[in-house]
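Trainee: I should like to learn how to read burial and charge pairing from a structure. Where should we begin?

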Amino acid sequence: MAAVVVLGLDPGSRVTGFGVVAEVSGQARLVEAGTIRTGTGDMAARLGVIYSRVAAVIERHAPVEAAIENVFVDKNAASALKLGQARGAAMAACAVAGLSVAGYEPSKVKKSLVGAGAADKKQVAFMVARVLGVKNPDWAVDASDALAVAVCHLNERRFRKMAGLS
């Protein structure tokens, strides 16, 4: 059975996490996890970095689909706008590569892995490592979140297939 490779993204204007997960016969495994650090300079340049580095990850691993965390809106509208721009740059790289992109609310990602939509980042990171069979994960929190989005997408994909929805 061929592997299903999914790219998970946790967008940020300064740090964007990415995680590539392959699933074969219901078993997920880690392919690559990391972060894209853009610094604090010109926003257009930072968005260009996100776009080009996400495109490079796609070229390296040829995922069949992508999943991205939806923008969490809090009281700071300026932060939400920057986050949305970073998300757009990452999504554009996926679209240019021909990937469909599914968006997930942070609470859905947490519930998919931990069973509770209000789980903290440590709980999510722990479950991501367990699901992927990684004993001593050394990835950044942003990469862990991106891997969680990818695993959530694989779970959703499997559910939709079993329910005859896709």
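**Accessibility and salt bridges**

Mentor: Let us begin with one residue of this predicted model: Val24 counts as partly exposed, because its relative accessibility is 31%, a value that falls between the 20% and 50% cut-offs.

Trainee: In which element is Val24 placed?

Mentor: Val24 belongs to strand β2, which covers residues 15-24. Its C-alpha atom is 9.0 Å from that of Val5, although the two residues are 19 positions apart along the chain.

Trainee: How should I approach the charged side chains?

Mentor: The general idea is that side chains of opposite charge can pair when their charged atoms come close.

Trainee: How many salt bridges does the count come to here?

Mentor: The count comes to five salt bridges. One of them joins Glu23 to Arg158, with 2.4 Å between the closest N and O atoms. This pair links distant parts of the chain, since Glu23 is in strand β2 and Arg158 is in helix α5 (residues 141-162), 135 residues apart.

Trainee: Is Glu23 buried or exposed?

Mentor: Glu23 is buried, because its relative accessible area is 11%, and the cut-off for burial is under 20%. Its partner Arg158 is partly exposed, at 32% relative accessibility.

Trainee: Which residue forms a salt bridge with Glu32?

Mentor: Glu32 pairs with Arg60, and their closest N and O atoms are 3.1 Å apart. Glu32 lies in strand β3 (residues 27-37) and Arg60 in helix α1 (residues 43-61), so this salt bridge ties together parts that are 28 residues apart in sequence.

Trainee: What are the relative accessible areas of Glu32 and Arg60?

Mentor: Glu32 has a relative accessible area of 21% and is therefore partly exposed. Arg60 is also partly exposed, with a value of 48%.

Trainee: Which side chain meets that of Glu65 in a salt bridge?

Mentor: The side chain of Arg157 meets that of Glu65, at 3.1 Å from N to O. Because Glu65 is in strand β4 (residues 65-69) and Arg157 is in helix α5, the pair ties together parts that are 92 residues apart in sequence.

Trainee: How should I classify the accessibility of these two residues?

Mentor: Glu65 is buried, with a relative accessible area of 17%, whereas Arg157 is partly exposed at 30%. In reading such a pair, one should classify each partner separately.

Definitions and conventions
Residues numbered from 1 in each chain as written. Predicted model: local features only at pLDDT ≥ 70, side-chain atom pairs only at ≥ 80, totals over all residues. Heavy atoms only, no water. Helix = DSSP H or I, 4+ residues; strand = E, 2+ residues; numbered from the N terminus. Buried < 20%, exposed > 50% of the residue type's maximum accessible area, 1.4 Å probe, protein only. Salt bridge = Lys/Arg side-chain N within 4 Å of Asp/Glu carboxyl O.
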